[in-house]
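Here is a friendly walk through the side-chain packing and pairing in one model. Please have a look at the sequence and coordinates, and then read on.

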Amino acid sequence: PSTVGRWEHTLRKYGLSTDFGPNQRGGPQGRQRGRVVGDNDDNEDDVKKVARVPLVDFDFDREYYGTVSVGEPPQSFKIDFDTGSSRFILSSKGCTECSGTTRYDSSLSKTFLLNSEDTPSLSSTTNATAKTTSRYPSLKPSPPDPNAWHITYGDMSHAEGFLGRDHVTLGNSGEGEGGSKKGGGGLTVQHQELALVTSESANFDDAVDGIMGLAFGTLASSSLPSNIRSGATTTTTPPKAPTKTVFENMMSQGLVNRGVFSFYLGKSSLGGGGEVLFGGWDSSRIADGQELVFTNVTRPKYWQINVENVFVAKQRVDYTPVKTVTYLTPKTPPPPPPPSSTSSEKRSNIAGIVDTGTTLMIVPFRLANAIHALIPNARVVGQSWAVPCDLGLMAHGSSSKVELQIEGKRFAIPFEDMVREPVERPSGLANESPASSDSITHKVDDDEEEESTEEGGKKGSGLCFSGVQPSGANFIIIGDVFIKNNYVVFDQEHQRVGIAPLKLAEPLPTSSSSSSSVGEEKARKGKKDVQKK
């Protein structure tokens with residue numbers, strides 16, 4: 001099922017174990033408000049340099065991707081914009097088992113360079129001819145090769161290839177804050193480093209052609225890039241200069257006026273869609289009467305922030321993080337807010353990573369147990385958490401939600417969005433069983449059987465996978481199940497994250513062709529699932 005697949009994908013991404021012990025039921029173990037953009041909105045000569053990239057909502061909010069062009073002449077690819085990693089990883093020609101359907105061909109681009117080659121001046125133009133086959137590194141570069149790139153995750157899944165540079169073009173540029181057109185053609189980042197994949201294991205994502213990392217470049221430039229001190233290892237020759245993400249290069253090359261980018265993720269139930277906005281944010285996406293609340297990044301490698309508390313149905317979840325030595329141990333929490341704040345007297349203070357490349361919300365296993373203990377009829381199925389498929393229909397009033405408290409403000413995930421696809425049998429999972437954590441137990445009838453449900457689990461009374469799943473880490477990975485309910489601004493210039501409740505407006509206009517393509521992708525996936533069964 002896609003929920004289990006995305007759960008395992010996220011655990012691999014952060015180097016977390018997917019092998020849970022028998023005693024690990026449900027899994028392994030400064031406030032600023034107001035706008036900072038638009039100070040010069042009255043000055044017509046101040047052209048706002050932004051790039052808008054529309055997103056496709058793929059497979060019941062499982063993944064969001066947009067189109068990005070690479071090279072000259074441009075080659076177009078379906079890209080996952082991922083704030084949980086920092087490299088731009090792209091499937092390359094010559095890889096027979098790589099993700100996606102389109103491969104980048106460096107020999108067709110006049111602007112491609114191997115990572116070891118000198119980068120020309122940004123203002124210069126290249127008259128280079130098409131590359132010869134000698135420009136292709138070996139599919140398995142030898143260790144001394146300065147262009148070699150390799151990553152192995154804790155579960156031994158892997159990808160490898162070579163490092164190169166090329167021009168990357170995103171969206172439509174020159175739009176004003178209100179969306180007025182002041183140009184076109186997109187923003188082009190010159191000489192962006194690419195991690196080009198020539199070989200990968202079979203359990204990588206096949207829906208997109210590549211992943212654009214939008215975390216901090218220090219993540220890729222650190223001794224254990226992108227990853228995984230607890231599981232994944234990477235092998236690269238140190239670059240001549242620290243690796244910069246696509247957005248960091250946008251800033252350094254003067255392509256955007258403001259060092260912020262923002263995410264709007266739609267819901268399949270409301271028509272899907274979405275948008276990444278580089279260089280600003282769209283205040284019309286924020287719910288009426290709400291405003292952005294900014295919180296500082298506590299460790300500028302990931303977009304890591306402090307989550308003060310978790311609430312379920314307005315009840316605070318009693319949880320204290322395990323004080324273990326981990327690469328994401330949060331810094332000292334910020335000072336308490338002023339007395340006027342609505343925050344609770346008690347605080348859990350959990351590190352949280354805002355990750356647009358993760359479908360679910362992944363939490364420490366004790367916290368997962370405590371959250372589901374407050375959700376009616378939630379239970380463990382194998383190593384996953386499941387909730388009633390009709391949880392959204394059972395919910396009544398504004399209290400039926402999971403909330404994260406950040407800077408004294410609560411941001412919600414409605415119960416209806418906690419429901420993923422139905423748990424089907426046989427599914428390779430163990431039979432459902434009671435779960436316990438801190439004396440919390442759910443009673444399960446041994447002879448209870450799930451009724452069949454429609455896609456997405458919105459009807460019926462069986463069990464569906466939960467949008468919150470466990471891990472053995474002591475931090476939260478805040479994925480799309482949260483972001484599709486809240487507008488999120490990533491302020492790289494000031495190292496902070498802004499969050500506001502999302503206005504659930506009409507979805508972005510999409511062409512009939514794009515709508516058709518999404519339907520075809522769902523149909524193909526359904527056929528594959530049937531064939532596997």
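The largest nonpolar core has 77 residues, and those with the most contacts inside it are Phe81, Leu170, Met212, Met250, Phe278 and Val310. A second, separate core has 14 residues, including Leu11, Ala215, Tyr302 and Ala473. Here a nonpolar core is a set of buried Ala, Val, Leu, Ile, Met, Phe, Trp, Tyr and Cys residues joined through side-chain atoms within 4.5 Å. Buried means under 20% relative accessible area, exposed over 50%, and partly exposed in between, with a 1.4 Å probe and protein chains only.

Keep in mind that this is a predicted model: local features need pLDDT of at least 70 and side-chain atom pairs count only at pLDDT 80 or more, while totals for chains, interfaces and linings use all residues. Residues are numbered from 1 along each chain as its sequence is written, and side-chain values use heavy atoms, with hydrogens and water left out.

Now for the rings. A search of the whole structure finds 15 aromatic pairs. Rings of Phe, Tyr and Trp (its six-membered ring) pair if their centres lie within 6.5 Å; planes under 30 degrees apart count as stacked, over 60 as edge-to-face and the rest as tilted. Phe216 and Trp303 are a tilted pair, with centres 4.5 Å apart and planes at 40 degrees. This pair links distant parts of the chain, 87 residues apart: Phe216 is in the loop between strand S11 and helix H2, and Trp303 is in strand S17. Helices (H or I, at least four residues) and strands (E, at least two) are DSSP runs, numbered from the N terminus. Both Phe216 and Trp303 are buried. Trp281 and Phe294 form another tilted pair, 6.0 Å centre to centre with 55 degrees between the planes, and both of these residues are buried. Ring pairs also link Phe81, Phe216, Phe247, Phe261, Phe263, Phe278, Trp303 and Phe490 into a cluster.

Charges meet rings as well. Arg285 lies over the face of Tyr264, 4.0 Å from the ring centre, and Arg410 lies over the face of Phe311 at 3.5 Å. The criterion is NZ of Lys or CZ of Arg within 6 Å of the ring centre and within 35 degrees of the ring normal.

Which charged side chains pair with each other? The whole structure holds 13 salt bridges, each a side-chain nitrogen of Lys or Arg within 4 Å of a carboxyl oxygen of Asp or Glu. Some of them are listed here.

| Acid | Base | N to O distance |
|---|---|---|
| Asp61 | Lys484 | 2.6 Å |
| Asp417 | Lys267 | 2.6 Å |
| Glu308 | Arg347 | 3.6 Å |

Asp61 and Lys484 are 423 residues apart in the chain, and both are buried. Asp417 and Lys267 are buried too, and their bridge ties together parts that are 150 residues apart in sequence. In the third pair, Glu308 counts as buried at 3% relative accessibility, whereas Arg347 is partly exposed at 22%. Salt bridges that share partners join Arg52, Glu275 and Asp282 into one network.

Finally, helix H1 covers residues 2-13; its expected span is 16 Å, which agrees with end C-alpha atoms 16 Å apart. That expectation is 1.5 Å times one less than the number of residues. Ten of the twelve residues of H1 are buried, so the helix is largely enclosed by the rest of the structure. Among the buried ones are Arg6, Trp7 and Leu11. H1 is followed by Gly15, whose phi is positive, near 70 degrees.
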